[in-house]
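Hi everyone, thanks for coming. Please pull up the structure on your screens, and I'll walk you through a few spots that I enjoyed looking at.

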Amino acid sequence: MQIENYQIEEHNSQLQADHRRRFDFAASEVPGAEQIIEKLVKFQVAIPSWALGTGGTRFGRFSGGGEPRNLEEKMEDIGLLHKLNRSSGAISLHIPWDIPGNIASIKALAAQYELKFDAVNSNTFQDQPNQAHSYKFGSLQNVDKAIRKQAIEHNIEVIKHGIDLGSDALTVWLADGSTFPGQLNMRKAFQNTLESLQEIYEALPDHWKVFVEYKAYEPNFYSTTVGDWGQSLLFANKLGPKAYTLVDLGHHLPNANIEQIVALLLMEGKLGGFHFNDSKYGDDDLTTGSIKPYQLFLIFNELVEGMDARGMDHATGLGWMIDASHNVKDPLEDLLQSVEAIMLAYAQALLVDRKALAEAQAESDVVRCQEILQGTFRTDLRAIVAEARLRAGGAANPIKLYRDLKVREKLISGRGLKTVATGL
Ligand code: LRH
Ligand code: MN
């Protein structure tokens, strides 16, 4: 299913007058609107190959139909998203859920859909059919050297797939840990994991990065061997300059100050990237910005301040990726909403009057600091984000066009109601 340029042009001309009115007002309110629009057009968010179907929970899965049956159809779906919002120009693969078969045809398809390959993800949290050793008690931490070796070899294989596709980063998330006190020698688990990661690190091409993703709990419920930002930073510092931490917004204990964690990891030059999503309780993998939009803005506020302090290019300096799972919504509509929330938070962070904020902070004028940040957060930049999308050739209102074109209905008629996408 493809969306044609004429369909986008028709949609945009119908919404032109309304958009122009809203944009002219927004631009009159927003100093530096043109600079913000330029940065938004450059900013691309990678879509996870494992979030194009209906994940479900252990209590049940309610398929929406028309799910992609293979990597080619997943790239078709991400191509659709990118056609609509021009900000989803990358795919992040998860191996072995999405092993690229014929590299040449997969790369040709990526070029056709204008998609780059972002970080590739290894998977040593599930046992594959005909796997020699089980990861039941962990992978890189495992007390059994043969199991650690199997997990190391898998990660090196994932790097090879990434090299073939033109990716330049490996994301390692480990479910490793323990579920009961006494089950694990946590110091030895750390050391086994570090030793294993060092072998994986040695296999990285010179220009590659490895992102060490931390998570507080699940599927282990007593200790997680890469359990928080401090442990991830410890690994990244001990591994070397190609190793960084990865912040998945849902991987923190309740009320963690994620924006402070981001500020410090960026200050240390050890922040590698993000898995954007939202949550109210645990690793809920909900739509980005759907539960705590102010926190998302505060995170981007620290990112813009910290990246500018280091002279980093916003679009290419970090790994911008979504990591979500869909239970009750159309996966493509959910991903369109997530990208929109990310672009809005980034736009608002670009709008913050940094000079005024620094002056207010220098005078400990708490109220003025708040007024500057909250005033920016309460500034409606949706028309500015829409204008950037239109200038990049996208749709004025992606979800409206997605529905008007009956995309899901067409995917269901093409693929059937019962297809199940690999992933979460
Ligand atoms: C773990 C995680 C990790 C992925 C998986 C799909 O919770 O966030 O990033 O490997 O989800
Ligand atoms: Mn993640």
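Let's begin with some vocabulary: helices and strands here are DSSP runs, numbered from the N terminus, with at least four residues for a helix and at least two for a strand. Also keep in mind that this is a predicted model.

With those labels, we can place Pro96: it sits in the loop between β2, residues 90–92, and α4, residues 103–112. What is the peptide bond from Ile95 to Pro96, cis or trans? It is cis, with omega near 15 degrees.

Now meet a neighbour of that bond. His154 belongs to helix α5, which covers residues 145–165. Is His154 buried or exposed? Its relative accessible area is 12%, and buried means under 20%, so His154 counts as buried. Leaving aside residues up to four places away in sequence, His154 touches Ile95 and Pro96, along with Ser122, Asn123 and Thr124. So both partners of our cis bond are in that list, and Asn123 has a further link: its backbone nitrogen is 2.9 Å from a polar atom of the His154 side chain.

Let's stay around α5 for a moment. Asn142 is in the loop between β4, residues 120–121, and α5. At 4% relative accessibility, Asn142 is buried too. Which residues does Asn142 touch, not counting those up to four places away in sequence? They are Ser134, Phe137, Ile147, Arg148 and Asn192.

Next, helix α7, residues 229–239. Its buried residues are Ser232, Leu233, Phe235, Ala236 and Leu239. Why do they end up on the same side of α7? Because they cover an arc of only 160 degrees around the axis. And what do these buried residues pack against? Four elements are listed: α6 (186–202), β7 (209–213), β9 (243–248) and α8 (258–267).

Look at the two ends of α7 as well. At the start, a side-chain oxygen of Asp228 comes to within 3.0 Å of the backbone nitrogen of Gly230. After the helix comes Gly240, with a positive phi near 135 degrees.

Speaking of positive phi, two residues that are not glycine have it as well. Asn255, in the loop between β9 and α8, has a phi near 70 degrees. Asp285, in the loop between β10 (271–276) and α9 (293–309), has a phi of about 50 degrees. Which one is exposed and which one is buried? Asn255 is exposed, at 80% relative accessible area, while Asp285 is buried, at 7%.

The loop that holds Asn255 also holds Leu253. Why does Leu253 count as exposed? Because its relative accessibility is 54%, and the cut-off for exposed is over 50%. Leu253 joins Tyr217 and Phe221 in a nonpolar patch on the surface, and together the three have about 330 Å² of accessible area.

One last stop. Between β7 and β8, residues 223–224, there is a loop that contains Pro219. Glu218 and Pro219 are joined by a cis peptide bond, with omega about 10 degrees. That takes us back to where we started, with the cis bond from Ile95 to Pro96. Try finding both of them on your screen, and thanks for listening!

How values were computed. Residues are numbered from 1 along each chain as its sequence is written. Chains are lettered from A and ligands numbered from 1 in the order in which they are written. Side-chain values use heavy atoms; hydrogens and water are left out. Buried means under 20% relative accessible area, exposed over 50%, partly exposed in between (1.4 Å probe, protein chains only). The arc is that of the directions from the helix axis to the C-beta atoms. Contact means heavy atoms within 4.5 Å. A polar contact is a pair of N or O atoms within 3.5 Å; within protein, one must be able to donate a hydrogen and the other to accept it, and residues adjacent in sequence count only if both atoms are side-chain atoms. Patches are made of residues with over 30% relative accessible area and no salt bridge: like charges are joined within 9 Å, nonpolar side chains (Val, Leu, Ile, Met, Phe, Trp, Tyr) within 5 Å. Accessible areas come from the Shrake-Rupley method with a 1.4 Å probe; for residues, only the protein chains shown count as cover. A salt bridge is a side-chain nitrogen of Lys or Arg within 4 Å of a carboxyl oxygen of Asp or Glu.
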